[in-house]
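Trainee: I'm new to this one, so could we go through it together, question by question?
Mentor: Sure, let's put it on the screen and start.

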Amino acid sequence: MKFEISNEATMQIAEAIGHADPATINKIFERVAMDKQLLLSLIDAPVSPEDEAAIREGLADLEEGRTQSLDETDDVLRQKFGFVPRS
């Protein structure tokens, strides 16, 4: 999926995330486009400073490889809350 955004929007995104890497900016738009609830929330209200900080933290975690797969997360939550392990 490819998005075309204005130079002004690109500069604002780059300022917010600390760089203007096109691949990173594209990932942001792809993720927003896949999350209908997030997309609708962005249309209705501006991003709060707390949400902006959380997004920046999440992007930094992603870029630094400080993430875990859905399968790993699922396993941890199942064990923590006593759910039956996946078969």
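Mentor: Before we count anything, helices here are DSSP runs of at least four residues and strands are runs of at least two, numbered from the N terminus. Also keep in mind that this is a predicted model.

Trainee: Okay, how many helices and how many strands are there in the protein chain?
Mentor: Going from the N terminus, the elements read α-α-α-α-α. That leaves the strand count at zero, and the number of helices is five.

Trainee: Is the chain more spread out or less spread out than a compact globule, and what is its radius of gyration?
Mentor: For 87 residues the globule rule gives 12 Å. The chain's value is well over that, so the chain is more spread out than a compact globule. The radius of gyration is 16 Å.

Trainee: What box do the C-alpha atoms fill?
Mentor: Take the box along the principal axes. Its dimensions are roughly 50 × 30 × 30 Å.

Trainee: What share of the residues counts as buried?
Mentor: To count as buried, a residue needs a relative accessible area under 20%. Of the 87 residues in the chain, the share that meets this is 7%.

Trainee: And how much of the accessible surface belongs to carbon and sulfur atoms?
Mentor: The accessible surface of the chain comes to about 7,300 Å². The part belonging to carbon and sulfur is 57%.

Trainee: How far apart are the mean positions of the positive and negative charges?
Mentor: The chain has 9 positive and 18 negative charges. Take the mean position of each set, and the two points are apart by 6 Å.

Trainee: Let's zoom in on helix H5. What span should it have, and what is the distance between its end C-alpha atoms?
Mentor: H5 covers residues 70-81, which makes twelve residues. At 1.5 Å a residue the helix should span 16 Å, and the distance between the end C-alpha atoms agrees, being 16 Å.

Trainee: Which residue just after H5 takes a positive phi?
Mentor: Look right past the end of that helix. The phi there is about 75°, and the residue is Gly-82.

Trainee: How far is Asp-75 from Pro-85 in space?
Mentor: Asp-75 lies in helix H5 and is partly exposed, with a relative accessible area of 42%. Pro-85 is ten residues away from Asp-75 in sequence. C-alpha to C-alpha, the two are apart by 7.0 Å.

Trainee: Moving to Leu-42, which residues is it in contact with, leaving aside neighbours within four places in sequence?
Mentor: Leu-42 lies in helix H3, residues 36-44, and its relative accessible area of 39% makes it partly exposed. The C-alpha atoms of Leu-42 and Val-32 are 9.0 Å apart. Contact means heavy atoms within 4.5 Å, and the residues in contact with Leu-42 are Val-32 and Val-47.

Trainee: Is Asp-44 buried or exposed?
Mentor: Asp-44 also lies in helix H3. A residue is exposed when its relative accessible area is over 50%. Asp-44 has 67%, so it is exposed.

Trainee: Last one: how far is Ala-45 from Phe-29 in space?
Mentor: Ala-45 is found in the loop between H3 and helix H4, and it is partly exposed at 38%. Ala-45 and Phe-29 are 16 residues apart in sequence. In space, C-alpha to C-alpha, the distance is 17 Å.

Definitions and conventions: Residues are numbered from 1 along each chain as its sequence is written. This is a predicted model: local features need pLDDT of at least 70, side-chain atom pairs count only at pLDDT 80 or more; totals for chains, interfaces and linings use all residues. Side-chain values use heavy atoms; hydrogens and water are left out. The radius of gyration is taken over C-alpha atoms; the globule rule is 2.2 Å times the number of residues to the power 0.38. Buried means under 20% relative accessible area, exposed over 50%, partly exposed in between (1.4 Å probe, protein chains only). Accessible areas come from the Shrake-Rupley method with a 1.4 Å probe; for residues, only the protein chains shown count as cover. Lys and Arg count as positive and Asp and Glu as negative; His and the chain ends are not counted. The place of a charge is taken as NZ of Lys, CZ of Arg, CG of Asp or CD of Glu. The expected span of a helix is 1.5 Å times one less than its number of residues.
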